[in-house]
Amino acid sequence: MDQEIAFQAIDWFIEHAGDEKKLRIVFLGGEPLMNYPLMKAVAAYSKRQAEVCHKSVGFEITTNGTLITEEVIRFFKKYNIVPCISFDGPREVQDLQRPFINGRGSYAPTVPRIRRLLETIPEASCRATWLEGTDPAIVMQELREIGFRKIMLIPVSMAPDLNCTIHSDSDSDEYLPFIQTFARESGDFLRFIKDRDPEAIRQVITDTVLWNLTERVVGKIKKFTPCGAGLELAAVSANGDLYPCHRFTGYPAYKIGNISSSAIDRAFNQWNTVDEIPICNECAIRYHCAGGCYHDNMVNTGDHRKPWRGSCERKKAMMAITEELAAQLTSSDLEFLYEEKFFKRPHCLFDFSVD
């Protein structure tokens, strides 16, 4: 992407934000730090343009960490850019899954850069990709030893190629190690709560999936859409084309517009909530899953609104574990979690003093 397109994208974004006062820009790739000069220009330009419109803008970046330098860390701090590092765990896993183009492993040169980043920005998170055959517990242990406090361990998705092999729609035990690790994390979490151990609980917060699901079950929070794709989120490609999210970038069928025009194709969201997805109507966890990732659905079933069975079974197993945990929390346990601000205390519907 060149600067002209980038600045035009920012202008389009601010214009279409309407009355929304808090905006967020995420730098994605490929590897966004390969275009570091443009990132600096975009951050400065976005701040100026947002201020003119009496808005604020925040930034995030997803990076593999290989290009992080002291200058980059200072830049992150200056603009309060929240980094998410794509890193997959122990040396043998990271080097196998993320080698350099010459085949050399990326673990050794990247870990010191990550540790230096975490010294300055300890809230930087990690997104690790899990493949069958890897022990999830060992991955989590390694990432914690590197220094990450917030870790998202996500099963591998299909490659972004419509000609790829589609997952089987039959039951599979390929996710069993992932589910077993989730169950162990859940058991640890419950024990830490019963022991009233705030520090240990903060370690569990690193598993954002377990944490988020538990908060939803305890708070009876309903989720009607899997994410904001095409609703409050849009991705801009290098030539200015618009897509519902970054994962759809480059798929002609999912192009929703271009920053040179105010017209947007709304067909992507013709079904706006999980209640309007027929296959989800009888599902007990539909308000926790909301139909699943649109992109994963598309590459596995051919329809972004149709969940694939493998994902459904995995999520049902995780929800069963989460509900079992929640069922064992007493009123005293919940009060402890509220007092320590691990969970938000639910507000009474008749408390009109609450915004």
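Reader: In the protein chain, what share of the contacts with a separation of 6 or more comes from residues 24 or more positions apart?

Author: The share is 65%. A contact here means heavy atoms within 4.5 Å. The model is predicted, with local features needing pLDDT of at least 70 and side-chain atom pairs pLDDT 80 or more, while totals for chains, interfaces and linings use all residues. Residues are numbered from 1 along each chain as its sequence is written, and side-chain values use heavy atoms, without hydrogens and water.

Reader: What makes the radius of gyration of the protein chain agree with a compact globule?

Author: The rule is 2.2 Å times the number of residues to the power 0.38, with the radius taken over C-alpha atoms. For 355 residues that gives a value near 20 Å, and the chain has 21 Å, so the two agree. The C-alpha trace spans about 55 × 50 × 50 Å along its principal axes.

Reader: How many helices and strands are there in the protein chain?

Author: There are 13 helices and eight strands. Both are DSSP runs numbered from the N terminus: helices are H or I with at least four residues, strands are E with at least two.

Reader: Why is strand β3 called largely enclosed?

Author: Buried means under 20% relative accessible area, exposed over 50%, and partly exposed in between, using a 1.4 Å probe and protein chains only. Five of the six residues of β3 (residues 81–86) are buried, so the rest of the structure largely encloses this strand. For the protein chain, 45% of the 355 residues count as buried.

Reader: How do you know that β2 and β3 pair?

Author: Pairing requires that DSSP finds at least two bridges between the strands. Five bridges join β2 (residues 56–63) to β3, so the requirement is met, and the two run parallel. I61 stands opposite P83 in β3. From β2 the chain crosses through helix α3 (residues 70–78) to β3, a right-handed β-α-β crossover. Right-handed means a clockwise path from the first strand over the helix to the second, with the strands pointing away from the viewer. Strand β3 also pairs with β4 (residues 125–130), in parallel, over three bridges. There, C84 has S125 as its bridge partner.

Reader: What makes β6 and β8 edge strands?

Author: Their open sheet has the order β6-β7-β8, with antiparallel pairing. Both β6 (235–236) and β8 (257–258) pair on one side only. Strand β7 (residues 241–243) meets β8 over two bridges. L242 stands opposite G257 in β8.

Reader: Why is there no bond between the sulfurs of C280 and C283?

Author: A disulfide needs two cysteine sulfur atoms within 2.5 Å. The sulfur of C283 is the closest cysteine sulfur to that of C280, but 6.3 Å is too far for a bond. C289 has its closest cysteine sulfur in C312, at 6.1 Å, also too far. The structure holds zero disulfides.

Reader: Are C280 and C289 buried or exposed?

Author: C280 has 7% relative accessibility, so it counts as buried. C289 has a relative accessible area of 16% and is buried.

Reader: Why is M39 called buried?

Author: Its relative accessible area is 3%, so M39 falls under the 20% limit. M39 lies in helix α2 (residues 36–52). Not counting residues up to four places away in sequence, M39 touches F27, P32, L33, I61, F75 and F76.
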